[in-house]
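Reader: I have the sequence and the coordinates open, and I would like to go through some local features one by one. Could you take my questions in turn and show the reasoning behind each answer?

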Amino acid sequence: MLPPVFRFAPSPNGYLHLGHAYSAVLNDHMAREAGGCFLLRLEDIDMARCRPEYTQGIFDDLKWLGLSWEQPVRRQSEHFSDYAVALEQLSDMGLIYASFLTRKQIEAAAAAESWPRDPLGISRYPGTERGLNQAIAAVRIARGEDYCLRLNMEKALDRVERVPGWTETGSGVEQQIAADPAAWGDVILARKETPTSYHLSVTVDDALQGVTHVVRGLDLYHATSIHRLLQVLLGLPEPIYHHHRLIGDQNGPKLSKSAGSSRLCDMREHGVTPNMVRKELGFDPIRAG
């Protein structure tokens, strides 16, 4: 039997903070406890925001925390062809269509009508372009219009025998969670400027890397519904999921790069030691050797 595989998958679009440290150390801890492997993956599909200095910062911060990982590190930007294969599979099933409405247009329409919102509170795409003639869509794409490729949620759910749930261990006991991918509407799986999406690339990567345990923050709990649907549609294995608590700042909200939360590199410069961080997060000190 192959050993369990865990992964920490940050985006190099900023420096890591305490929330990242908790997730990374927890993945490493659980991998050690299970006698498994700990992988590092860089989710760098956003070429405009991801920078080499942030990538190096991730390596430096994780090594400072006493972590080591299997090589090579998978960089999503080097594997767009893998996501293209998955996208083509879904397209061959008749589940993908081009959409040209912008987020602003969707929000403007939503303000005038009572449209449902997805689990993130964003107005769901209404599906108005599902029946758009493919030849017309191809012409619009060829002349350079901005577009995205969406999953036809109705067709996708019709294709599966039942809505797939998932095995969750985040509460400390194993539970079977009912998924609700329909709550997301017709999610985006690729864009003109980025030939994949978070949902598609993370699902494909976890399968290709043999990830058996997905350990990540509660902010991604509801996204699991989409990932499980894609796994079933693409014939990919189902990992066990563990959604952990989010580390908040003194005011309560979860830490984030965009909010300017305390960065590990700044803490290091101010004399904070890795064992001080690990103790604050509830983990044992770095193991000698």
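Reader: Leaving aside its neighbours within four places in sequence, with which residues is R7 in contact, and which of them does its side chain meet in a polar contact?

Author: In this predicted model, R7 is placed in strand β1, residues 5–8. Beyond its neighbours within four places in sequence, R7 is in contact with N27, F38, L39, R41, V202, D206, V211, H213, V214, V215 and R216. Within that list, the side-chain partner of R7 in a polar contact, at 3.0 Å, is D206.

Reader: Does R7 count as buried or exposed?

Author: The cut-off needed here is that a residue is called buried under 20% relative accessible area. Since R7 has a relative accessibility of 4%, it therefore counts as buried.

Reader: Where does H244 lie, and which backbone nitrogen lies 3.4 Å from a polar atom of its side chain?

Author: H244 lies in strand β10, which covers residues 240–244, and with 6% relative accessibility it counts as buried. Leaving aside neighbours within four places in sequence, its contacts are Y22, S23, L26, V215, R216, G217 and L218. The backbone nitrogen that lies 3.4 Å from a polar atom of the H244 side chain belongs to G217.

Reader: How many Å apart in space are H244 and P126?

Author: In sequence, H244 and P126 are 118 residues apart. Taken from C-alpha to C-alpha, their separation in space is 32 Å.

Reader: What is the span of helix α1 from its first C-alpha to its last, and how many of its residues are buried?

Author: Helix α1 comprises the 17 residues 18–34, and at 1.5 Å a residue a reach of 24 Å is expected, to which the modelled value of 24 Å is close. Just after α1, G35 takes a positive phi of about 70°. The helix is largely enclosed by the rest of the structure, because the number of buried residues among its 17 is 13.

Reader: In the open sheet of three strands, what is the strand order, and which strands stand at the edges?

Author: The strands of this open sheet are arranged in the order β4-β5-β8, with antiparallel pairing. Each edge strand has a single partner, so one side of it is left without a neighbour in the sheet, and the strands in that position are β4 (96–99) and β8 (188–191). With direction ignored, neighbouring strands of the sheet are turned against each other by an average of 30°.

Reader: Over how many bridges does β5 pair with β8 and with β4, and which residue in β8 is the bridge partner of L149?

Author: Strand β5, residues 148–151, pairs with β8 in the antiparallel sense over three bridges, while β4 and β5 pair in that sense over four bridges. On the β4 side, Y97 stands opposite R150, and on the β8 side, C148 stands opposite R191. C148 and R150 point one way from β5, L149 and L151 point the other way, and all are buried. The bridge partner of L149 in β8 is A190.

Reader: Why does C265 form no bond with the closest cysteine sulfur, and what is the count of disulfides?

Author: C265 counts as buried, at 13% relative accessibility. Its sulfur is 16 Å from the closest cysteine sulfur, that of C50, which is too far for a bond, given that a disulfide requires the sulfur atoms to be within 2.5 Å. By this rule, the count of disulfides is zero.

Methods:
Residues are numbered from 1 along each chain as its sequence is written. This is a predicted model: local features need pLDDT of at least 70, side-chain atom pairs count only at pLDDT 80 or more; totals for chains, interfaces and linings use all residues. Side-chain values use heavy atoms; hydrogens and water are left out. Helices (H or I, at least four residues) and strands (E, at least two) are DSSP runs, numbered from the N terminus. The expected span of a helix is 1.5 Å times one less than its number of residues. Buried means under 20% relative accessible area, exposed over 50%, partly exposed in between (1.4 Å probe, protein chains only). Two strands pair if DSSP finds at least two bridges between them. Axes are lines fitted to C-alpha atoms, for helices over the stretch in contact, and angles run from 0 to 180 degrees between N-to-C directions. A polar contact is a pair of N or O atoms within 3.5 Å; within protein, one must be able to donate a hydrogen and the other to accept it, and residues adjacent in sequence count only if both atoms are side-chain atoms. Contact means heavy atoms within 4.5 Å.
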